There are 2 protein chains.
Amino acid sequence: MTEKDRVLAANLAFYKAFATRDLDAMAAVWASTLPVLCTHPGWMVLHGREAVLQSWRDILANEDSPTVACNAEEAVLYGHLAIVSCEEELPEAVLVATNVFAREAGEWRLVHHQAGPLAMRPSARRLS
Amino acid sequence: MTEKDRVLAANLAFYKAFATRDLDAMAAVWASTLPVLCTHPGWMVLHGREAVLQSWRDILANEDSPTVACNAEEAVLYGHLAIVSCEEELPEAVLVATNVFAREAGEWRLVHHQAGPLAMRPSARRLS
């Protein structure tokens with residue numbers, strides 16, 4: 001398993017926690033000692049583990065929150081940090097996301113997430 | 001000047017290059033040896049310096065591209081990488097942006113930019 005594989009596994013753990021609405025798993029994905037920030041679609045940026053996890057508590061508790069699947073993920077490594085770009089497939093839209101991971105106590109943990117709308121669905125793009 | 005000040009100065013250099021449509025300055029802002037990626041609002045992610053700079057060439061050459069000003073910037077440092085969150089003030093909208101910088105040959109250079117729409121203008125938020 002390469003370091004890039006480990007980063008992509010951490011990225012998948014984030015989307016699994018999201019899809020299964022598992023707050024404990026979500027809390028474990030995020031860094032606990034390094035500073036974290038998060039920009040949900042349309043939101044202002046949130047700074048700090050408490051504010052970020054509270055936002056996920058609200059999202060995961062909301063029965064109207066959409067299901068999400070992660071596609072087209074690519075990881076770029078910069079030593080002890082890594083940036084993963086991916087697409088988030090929702091029932092009615094596709095978002096494009098940036099997830100930044102950092103090594104904390106030997107594990108890749110999430111320190112930043114930003115997602116925003118993609119103007120065109122990948123399936124539509126493939127037809128053009 | 002602290003390291004955080006240096007990161008914020010690099011962030012402002014990015015927005016100055018954007019606002020003045022200065023492609024040479026924009027090319028100097030982005031890392032030249034480290035891998036780079038960029039997600040413009042609504043676009044798929046672009047990977048690699050050539051694709052990223054070509055997108056900026058197109059944006060800066062387009063007379064319909066909006067002017068942009070950077071507000072509410074905050075830098076978070078992770079050793080030789082830093083994440084800057086900020087708002088981009090456009091004439092008709094406010095975007096929220098993530099800019100990731102890395103130290104390359106002793107300078108902070110941009111390795112990733114993602115911007116997406118903010119659902120509510122900060123001025124409207126302050127009135128609520």
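This report describes the symmetry, salt bridges and selected residues of a predicted two-chain model.

**Symmetry of the two chains**

Two copies of a chain are related by a rotation about an axis and a shift along it. In this model, a turn of 180° and a shift of 0.0 Å along the axis lay chain A on chain B with an RMSD of 0.0 Å. That is the relation of a two-fold axis. The residue of chain A that comes closest to the rotation axis is A:Gly116, whose C-alpha is at 2.7 Å. Of the interface residues of chain A, 100% are also interface residues in chain B, so the copies meet through the same surface.

**Salt bridges**

Over all chains, the structure holds six salt bridges. Three of them are set out below, with the separation of the closest N and O atoms.

| Pair | Closest N and O atoms |
|---|---|
| A:Glu3 and A:Arg103 | 2.4 Å |
| B:Glu3 and B:Arg6 | 3.1 Å |
| B:Arg103 and B:Glu3 | 2.4 Å |

In chain B, the partners B:Arg103 and B:Glu3 lie in strand S5 (residues 94-104) and helix H1 respectively, so this pair ties together parts that are 100 residues apart in sequence. B:Glu3 is partly exposed, with a relative accessible area of 29%, and B:Arg103 is likewise partly exposed, at 34%. The pair B:Glu3 and B:Arg6 lies within helix H1 of chain B, its members being three residues apart, about one turn of the helix. B:Arg6 is partly exposed as well, at 37% relative accessibility.

In chain A, A:Glu3 forms a salt bridge with A:Arg103. A:Glu3 belongs to helix H1 (residues 3-19) and A:Arg103 to strand S5, so the bridge ties together parts that are 100 residues apart in sequence. Both count as partly exposed, A:Glu3 at 29% relative accessibility and A:Arg103 at 33%. A network of salt bridges links A:Glu3, A:Arg6 and A:Arg103.

**Positive phi values in loops**

A:Ala105 is not a glycine, yet its phi is positive, at about 50°. This residue lies in the loop between strand S5 (94-104) and strand S6 (107-117) of chain A, and A:Ala105 is exposed, with a relative accessible area of 79%. B:Arg21, also a residue other than glycine, has a positive phi near 50°. The loop that holds B:Arg21 runs between helix H1 (3-19) and helix H2 (23-29) of chain B. B:Arg21 is partly exposed, its relative accessible area being 33%.

**A buried serine**

A:Ser55 is part of helix H3 (residues 49-61) of chain A. Its relative accessibility is 4%, and A:Ser55 therefore counts as buried. Leaving aside residues up to four places away in sequence, A:Ser55 touches A:His40, A:Trp43 and A:Leu46.

Conventions
Residues numbered from 1 in each chain as written. Chains lettered and ligands numbered in written order. Predicted model: local features only at pLDDT ≥ 70, side-chain atom pairs only at ≥ 80, totals over all residues. Heavy atoms only, no water. Least-squares fit on C-alpha atoms with pLDDT ≥ 70 in both. Contact = heavy atoms within 4.5 Å. Helix = DSSP H or I, 4+ residues; strand = E, 2+ residues; numbered from the N terminus. Buried < 20%, exposed > 50% of the residue type's maximum accessible area, 1.4 Å probe, protein only. Salt bridge = Lys/Arg side-chain N within 4 Å of Asp/Glu carboxyl O.
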